[in-house]
Amino acid sequence: MLYSVALDTAGAGLFLPLSLLFFLNVHHMSAATAGAAVSAGSILSFLVIPAAGRLVQVMGPKRCLLISNLMTAAGYSSYFLASSGTRVFCASFIVMAADRLYGAAWPGAVARVASKEQLPQWFSFVNFLKTTCLGLGAVASTGLLALAGPAGLKVALMGNCLSSLAAAFFVLRTRIPPGGTGVQPGATDSRATLMSTLKNSAFMALVSSQTLLSLAWLIPTVAFPIYLVDVLHHAAFWPAAVIAVRYAVISAIQIPLGNRVAGWSRSRVLVLAIAAAETAILTTMFISSAPAVAQGWMAVLATVLLAVAEAASKPTAAAAAVALAPDRDEGPYMAVFQLTWAVSYAVGPALIGWGMGHALLLWCVLGGCVLISGLVQVLSPERRRFAR
């Protein structure tokens with residue numbers, strides 16, 4: 001299962017940094033057309049979430065992971081033929097619909113092979129693995145583009161398709177126990193549904209808090225490259241350094257940090273992670289008023305704080321979500337839980353793009369979202385259910 005994750009994520013890291021360049025250089029589309037089509041396909045894929053949760057219940061997480069990998073390979077393969085905005089939209093929808101199904105099935109698959117007490121460490125290791133493989137893939141994509149030029153874009157896309165097929169092969173060979181009845185002791189005979197998921201106040205508090213918090217993760221990878229170069233007029237070295245620091249910090253601390261906080265309550269870990277993210281945004285607010293020589297280093301400091309917060313919160317929140325879901329009937333819950341990262345990826349680029357013309361206001365908006373995230377976490381009437 002971990003081989004599958006590593007191959008799939010490395011392939012994504014190889015192609016995703018070059019995806020818009022692929023449409024611009026291979027199909028000669030404008031950045032506006034390609035970007036709008038990809039965003040539209042991503043947003044429409046949210047409609048798949050209820051069906052994804054139900055499919056996990058009916059078919060089990062293993063088959064859904066397999067279907068997702070095959071759909072991903074098919075969707076990315078269609079990029080070779082996506083020479084118009086409509087075709088890009090359709091291809092993007094297939095890829096993101098597969099991602100919605102993957103998000104619904106993956107946590108349940110982990111829950112089948114690990115006890116709930118071990119889930120934070122499992123998710124910590126998976127987050128470490130994904131971050132490392134994404135970073136290695138991104139580095140490889142840069143080298144590929146430098147060596148092969150535009151032809152390297154097709155090679156990167158083909159590598160991504162093959163990595164999805166290889167991931168499907170390893171999923172096929174993985175032994176994942178089938179789901180149970182989906183009924184907790186003392187519950188009714190009905191299985192989890194989208195409505196019952198939305199009515200679970202503790203779970204929805206977690207989803208709301210983490211969705212707002214996830215907007216902060218866009219700062220190092222989406223906001224800082226534009227902010228440091230176009231707004232503050234620093235050398236292009238700084239965005240590369242910031243992104244490298246993000247990947248390096250998460251890869252270095254993810255496992256030891258997971259082991260360190262293993263005995264803490266999940267609520268405590270999440271609150272401290274939110275506090276670290278808020279501190280990072282406050283640091284970011286003062287970058288423009290600092291001396292020019294210090295601005296890049298302040299961005300690095302903010303990135304380190306965000307990386308620590310991300311490394312602490314993501315696996316802890318995933319473990320809390322599984323714990324709040326009915327035993328072996330996590331599909332609908334995990335389908336909704338993936339909003340905690342999917343929403344920021346969908347709306348984040350537009351938000352950051354607008355905010356670069358109003359930088360201080362943007363940092364205030366992001367800081368406000370993180371603050372509300374913390375309040376939701378702290379004031380949740382059922383917050384004690386987040387304890388280990």
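## Two histidines in loops

His28 sits in the loop that runs between helix α2 (19–25) and helix α3 (31–44). In this predicted model, the phi of His28 is near 55 degrees, which is a positive value in a residue other than glycine. Most residues other than glycine have a negative phi. His28 is also exposed, since its relative accessible area is 65%, and a residue counts as exposed when that value is over 50%.

Further along the chain, His233 is placed in the loop between α11 (218–231) and α12 (237–260). The phi of His233 is near 65 degrees, again a positive value in a residue other than glycine, and with a relative accessibility of 64% His233 counts as exposed.

## A buried serine in the helix α1

Is Ser4 buried or exposed? Ser4, which belongs to helix α1 (residues 2–15), is buried, with a relative accessible area of 3%, and the cut-off for a buried residue is under 20%. When residues up to four places away in sequence are left out of the count, Ser4 touches Asn69, Ala167, Phe170 and Val171.

## One face of helix α4

Helix α4 covers residues 49–59, and its residues Ile49, Ala52, Gly53, Val56 and Gln57 are buried. Looking down the axis of α4, one finds these buried residues within an arc of 140 degrees, and therefore they line one face of the helix. Just after α4 comes Gly60, which takes a positive phi of about 90 degrees.

## The protein as a whole

What does the secondary structure of the protein come to? There are 17 helices and 0 strands. The radius of gyration is 20 Å, close to the 21 Å that the globule rule gives for 388 residues, so the protein is as compact as a globular protein of that length. Taken along the principal axes, the box that the C-alpha atoms fill is roughly 60 × 45 × 35 Å.

Of the 388 residues, 51% count as buried. Among the contacts between residues at least 6 apart in sequence, 83% join residues that are at least 24 apart.

## Surface and charges

The protein exposes about 16,500 Å², and carbon and sulfur atoms supply 70% of this area. As for charge, the protein has 23 positive and 11 negative charges, and the mean positions of the two sets are 5 Å apart.

Technical notes
Residues are numbered from 1 along each chain as its sequence is written. This is a predicted model: local features need pLDDT of at least 70, side-chain atom pairs count only at pLDDT 80 or more; totals for chains, interfaces and linings use all residues. Side-chain values use heavy atoms; hydrogens and water are left out. Buried means under 20% relative accessible area, exposed over 50%, partly exposed in between (1.4 Å probe, protein chains only). Helices (H or I, at least four residues) and strands (E, at least two) are DSSP runs, numbered from the N terminus. The arc is that of the directions from the helix axis to the C-beta atoms. The radius of gyration is taken over C-alpha atoms; the globule rule is 2.2 Å times the number of residues to the power 0.38. Contact means heavy atoms within 4.5 Å. Accessible areas come from the Shrake-Rupley method with a 1.4 Å probe; for residues, only the protein chains shown count as cover. Lys and Arg count as positive and Asp and Glu as negative; His and the chain ends are not counted. The place of a charge is taken as NZ of Lys, CZ of Arg, CG of Asp or CD of Glu.
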